[in-house]
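Work through the exercises below with the sequence and coordinates open. Try each task before reading its solution.

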Amino acid sequence: MESSDTFVIVGAGLAGAKAAQTLREEGFAGRVILLGAEPERPYERPPLSKGLLLGTTGWLDAYVHEPGWYAANHVELRTATRVTAVDRDLRQVVLDTGERLGYDKLLLTIGSTPRRLDVPGADLDGVRYLRTLDDSAEIGTALVGGARLVVIGAGWIGLEVAAAARQYGATVTVVETADLPLQRVLGDEVARVFADLHRGHDVTFHFGVGVQEMRGAGRVSSVLLTDGTELPADTVVVGVGIQPDTQLAEAAGLKVDNGIVTDARLRTSDPHIFAAGDVANAHHPLLDRQLRVEHWANALNGGPAAARSMLGQQVEYDRLPYFFSDQYDLGMEYSGWVDPSGYDRVVFRGDPAVVGGRAPEFLAFWVSDGRVLAGMNANVWDVTDQIQALVRAGHRGRAVDLDRLADPQVPLGDLLP
């Protein structure tokens, strides 16, 4: 790349910040402009529902770089700046101030936005969504002993907020349209573990129902469910998923389908524009399908991969989807990808039973015809590399002996000669 080139990154989250860092580490000497709509410099989002809510992580620990890093590395960071349009013909981005910035290569790391509940009363004070540092701070002030918290959605965000709230002594009720928490991601077998874990900490679940109405005079005071149940509430946290922020890409005429469509090099339908992170629906060469991954590791690794691709390096982004969660005394990591109907059994190594509210120690493997498609370690550590090796082999068609897979005495590394 020429030192006179300008690379613009739209989206100043983890993916964008890591892309800017990688450009400099790879020797790019041109102009790097990082544009973010939030007033904060780039930060990581996992602490928002974990350490920041629990008070075990400080705000400063959430930031990707020290304040002076951007100037020291000649990265032009512009916060509180919105991009309103991409002019592909002129290769310019248009800012909300009317200013135009030219680019030689453009990276979109715009991320996602929380799905909103469209019910009466959804705009009442006390109805919260969790996506930003400010959101986390506002929710944190509500997590006090005796407070009545209703969580809408039993996904990762909802369950992590519920766990934090219970540790502060709040009364917690979780509402979920499915039959179990995390059912769409983990399937029934492992979802039951999380249901038992939260019940063991006195969380009340309402499954198979939705929200009909939020009630209150100015501030939420109760939640009316579709089965007629009315739940008292001082605060409601809505965690019903996120949707990729594709409006800018759609207006620019880029190919969009459940995110900005890219190839395995994270190139969009325009050869000068790339996408990474939550917003990218990228072709995964190992899984041989388009895949949009909403988790931290995808931003951490996808931003740098896109940066190298922008520099003309031969990139094939084939990282396995990976995510982690901490709830009460259960810490877990998940690697791989499997459709909820695409496996025939779950193989457990160890006992997944929750006893007396205490989290178990176990491994779980989602398998089909003896092939490991995904794996999870719960309170068992330093096995991610071995699990990912089994998953990669499984997606390449290699089967393992399931009896040995379930045997804790057989090292995971011995399953793949």
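Two exercises follow, one on a helix pair and one on a sheet.

The model is predicted: local features need pLDDT of at least 70, side-chain atom pairs count only at pLDDT 80 or more, and totals for chains, interfaces and linings use all residues. Residues are numbered from 1 along each chain as its sequence is written, and side-chain values use heavy atoms, leaving out hydrogens and water.

**Exercise 1. Describe how H1 and H10 pack.**

Step 1. Two packed helices are described by the angle between their axes and the distance between the axes.

Step 2. Helix H1 spans residues 14–25. H10 covers 296–310. Helices are DSSP runs of H or I, at least four residues, numbered from the N terminus.

Step 3. The angle is about 35°, and the axes lie 7 Å apart. Axes are lines fitted to C-alpha atoms over the stretch in contact, with angles from 0 to 180 degrees between N-to-C directions.

Step 4. List the contact (heavy atoms within 4.5 Å). H1 gives Leu-14, Ala-15, Lys-18, Ala-19, Thr-22 and Leu-23. Among the H10 residues are Trp-296, Leu-300 and Arg-308.

**Exercise 2. Work out the strand order and the edges of the sheet that holds E4, E5 and E6.**

Step 1. The order is E4-E5-E6, in an open, antiparallel sheet. Strands are DSSP runs of E, at least two residues, and two pair if DSSP finds at least two bridges between them.

Step 2. E4 (83–87) and E6 (100–102) each have a single partner strand, so one side of each lacks a neighbour in the sheet.

Step 3. Four bridges join E4 to E5 (residues 92–95). Val-83 has Leu-95 of E5 as its bridge partner.
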